[in-house]
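Here is a short report for a newcomer. Take a look at the structure before reading on.

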Amino acid sequence: MQFSKMKVKEIDTYLNELSIDHLLQMIEFLQQDSRSSVQKLAIKYQKKADRHFEEIARIKRMWRFEDDLFNDGIQYVAGVDEAGRGPLAGPVFAASVILPRGIFIEGINDSKKINEKKRDELYDIIIEKAICYEIASVDEQEIDRINIRNAAFKAMVKAVNRMKTKPQHVLVDGDDVKGLTFPYTTIIKGDSLSVSIAAASILAKVARDRYIKELDQLYPQYGFANHKGYGTKEHIEAIKLYGLTPIHRGSFTKKFVV
C-alpha cells in the first residue's frame, strides 16, 4: 500500500474499513511515514487494535463458568436472566440462551451497561448465533397475585422449560430459582460475569422494552416509550393525573393513586 501517495483523509477512510488482522499489518507502514498527521493515525489505529484485543480477553474471562462445565463433559449450558422486576407497569420478562462454545460476540455484557442501540444490535446477533433461545413473560395480574420475586422466577423457569434444546446445566443470575428442575449454578452479578447470562439479559431486556413501546401506542399520555414503565417523575405524575391502566401493577402503584 503506497500511503505516501495518499492524503491523510483517504488513509483514514481506508484503514477504518479493514479487519483487525489487516489493520495491524498496515500500522507498520503508517509508522514509516514522515508526516505527523499520519503518525497520529498510526497511534489512533493502534489504540483501536488494543481495544479489540482487550475485548477478546474480557469475553474470554466471561466464558470461564461455561468452560468449567464444558470441561466436565457438559455440552449444553444455558444462561438465564430476567428483566423488569422494578417497573410500575408491564410484565416481567426472562430469557434463556445456549450459545455455541467459545463464540465471540463483541460488546456482549450486562444489558444495563449497554445503550439501547447496541442492545438491539446484539439482540439480533445473539438470536442468529444461539444454539437455542427462549423468551417468556409473566403479566401484571400474576405479579400482583404471587409477588414480583416469584413472578420473575416463574418467567425464568418458563423460558428454560420451553427450550427445544434442553440444557444440561443452567447458569442463573443472582438467587436460587424456585421451581427450576434442571441442575443450575447461581452467580451474583452473573450478567456481567457469564457470557450466557449476559446474552439472556440482553434478550430479556430488549424483548420487554419492545413490548412496552407497543403499549405506548395504547396509552400515549403515560410516556411508556421513554421510561419503559419505571417509576420516573414523568410516569408518577401521569398516574396521579390519569389514574391506572390495565397494565399497571396494582401492588406497585396503589400508593400513587389519590
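## Charges over rings

A charge sits over a ring if NZ of Lys or CZ of Arg is within 6 Å of the ring centre and within 35 degrees of the ring normal. Arg210 meets this over the face of Tyr123, at 4.5 Å from the ring centre. Arg249 does so too: its charged end is placed over the ring of Phe252, 5.1 Å from the centre.

## Basis of the model

The model is predicted: local features need pLDDT of at least 70, side-chain atom pairs count only at pLDDT 80 or more, and totals for chains, interfaces and linings use all residues. Residues are numbered from 1 along each chain as its sequence is written, and side-chain values use heavy atoms, with hydrogens and water left out.

## Strand 1 and its partners

Helices (H or I, at least four residues) and strands (E, at least two) are DSSP runs, numbered from the N terminus. Buried means under 20% relative accessible area, exposed over 50%, and partly exposed in between (1.4 Å probe, protein chains only). Strand 1 covers residues 77-83, and 7 of its 7 residues are buried, so the rest of the structure largely encloses it. Both of its faces are covered. Val77, Gly79, Asp81 and Ala83 are buried on one side. Ala78, Val80 and Glu82 are buried on the other.

Two strands pair if DSSP finds at least two bridges between them. Strand 1 runs parallel to strand 4 (residues 169-173), joined by 4 bridges. There, Val77 stands opposite His169. With strand 2 (residues 92-98), strand 1 pairs in the antiparallel sense, over 6 bridges. Val80 has Ser96 of strand 2 as its bridge partner.

## Aromatic rings

Rings of Phe, Tyr and Trp (its six-membered ring) pair if their centres lie within 6.5 Å; planes under 30 degrees apart count as stacked, over 60 as edge-to-face and the rest as tilted. The structure holds 6 such aromatic pairs. In one of them, the ring centres of Tyr219 and Tyr222 are 6.4 Å apart and the planes stand at 85°, so this pair is edge-to-face. Tyr219 and Tyr222 are both buried. They form one aromatic cluster with Phe224 and Tyr242.

## His235

His235 lies in helix 11 (residues 233-242). Its relative accessibility is 0%, so His235 counts as buried. The His235 side chain reaches the backbone oxygen of Tyr230 at 2.8 Å.

Contact means heavy atoms within 4.5 Å. Not counting residues up to four places away in sequence, His235 touches residues including Leu88, Ala89, Tyr222, Phe224 and His248.

Key: Polar contact = N/O pair within 3.5 Å; in protein donor to acceptor, adjacent residues only side chain to side chain.
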